[in-house]
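Trainee: I have this one open for the first time and would like to go through it piece by piece. Could you walk me through it?
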Amino acid sequence: MKEMLEIMIKNLVENTDAVEITETNKDNITTYEVKVDSNDMGKVIGRQGKIAKSIRTVAKAIAAKENQKISIEFIG
């Protein structure tokens, strides 16, 4: 899952070296904290959060097939 998120995020941003994804597990929920350069934050979130919502939808669909619960947080 982490690799899939990394591929999607890196294809959206200009500064790919600044992309960091941290994975934590708590109460059967895996949380991914996605850090990107502040200049690329708008590209990851999109207008009215549409791109961020799409990323979360795809990731949650994949996690549901594996009987997992995930959360994705974007940090600038």
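Trainee: Let me start with the helices: at what angle do the axes of helix 1 and helix 3 cross, and within what distance do they come?
Mentor: Keep in mind that this is a predicted model. In it, the axes of helix 1, residues 2-12, and helix 3 come within 11 Å and cross at roughly 160°. Because angles over 145 degrees count as roughly antiparallel, that crossing makes helix 1 roughly antiparallel to helix 3.

Trainee: And is the crossing left-handed or right-handed?
Mentor: The crossing of helix 1 and helix 3 is right-handed.

Trainee: Which residues make the contact?
Mentor: On the side of helix 1 they are Met-4, Leu-5, Met-8, Ile-9 and Leu-12, and these meet Ile-51, Ile-55, Val-58, Ala-59 and Ile-62 of helix 3. Sorted by class, the contact between the two helices has 10 nonpolar residues, with no polar and no charged ones.

Trainee: OK, over to the sheet. What is the strand order?
Mentor: The sheet is open, has three strands in the order 1-2-3, and its pairing is mixed. Strand 1 and strand 3 stand at the edges with a single partner strand each, so one side of each has no neighbour in the sheet. On average, and ignoring direction, neighbouring strands of this sheet are turned by 20° against each other.

Trainee: Where does helix 1 pack, then?
Mentor: Helix 1 packs on this sheet, where it touches strand 1, strand 2 and strand 3, and its direction makes about 150° with that of strand 1.

Trainee: You said mixed pairing, so which pair is parallel and which is antiparallel?
Mentor: Strand 1, residues 20-26, pairs with strand 2 in the antiparallel sense over seven bridges, while strand 2 and strand 3, residues 69-75, pair in the parallel sense over seven bridges. Within the antiparallel pair, Ile-21 has Val-34 of strand 2 as its bridge partner. The hairpin of strand 1 and strand 2 has two residues between the strands, and Asp-27 there takes a positive phi near 55°.

Trainee: I clicked on Thr-31; is that residue buried or exposed?
Mentor: Thr-31, which is found in strand 2, counts as buried because its relative accessibility is 17%, and buried means under 20%.

Trainee: What does Thr-31 touch?
Mentor: Leaving aside residues up to four places away in sequence, Thr-31 touches Thr-22, Glu-23, Thr-24, Ser-71 and Glu-73. Two of those names return in the sheet pairing, since Thr-24 stands opposite Thr-31, and Thr-31 also stands opposite Ser-71 in strand 3.

Trainee: Which way do the side chains of strand 3 point?
Mentor: They alternate along the strand: Ile-70, Ile-72 and Phe-74 point to one face and are buried, whereas Lys-69, Ser-71, Glu-73 and Ile-75 point to the other face and are not buried.

Trainee: Last one: where is Gln-68 placed?
Mentor: Gln-68 lies in the loop between helix 3 and strand 3, and with a relative accessibility of 36% this residue counts as partly exposed. Its C-alpha atom is separated by 7.2 Å from that of Ile-29, although Gln-68 and Ile-29 are 39 residues apart along the chain.

Notes:
Residues are numbered from 1 along each chain as its sequence is written. This is a predicted model: local features need pLDDT of at least 70, side-chain atom pairs count only at pLDDT 80 or more; totals for chains, interfaces and linings use all residues. Side-chain values use heavy atoms; hydrogens and water are left out. Helices (H or I, at least four residues) and strands (E, at least two) are DSSP runs, numbered from the N terminus. Buried means under 20% relative accessible area, exposed over 50%, partly exposed in between (1.4 Å probe, protein chains only). Contact means heavy atoms within 4.5 Å. Two strands pair if DSSP finds at least two bridges between them. Axes are lines fitted to C-alpha atoms, for helices over the stretch in contact, and angles run from 0 to 180 degrees between N-to-C directions. Angles under 35 degrees count as roughly parallel, over 145 as roughly antiparallel, 65 to 115 as roughly perpendicular and the rest as oblique. A crossing is left-handed if the near helix is turned anticlockwise from the far one by less than a right angle, and right-handed if clockwise. Ala, Val, Leu, Ile, Met, Phe, Trp, Tyr, Cys and Pro count as nonpolar, Asp, Glu, Lys and Arg as charged, and the others, Gly among them, as polar.
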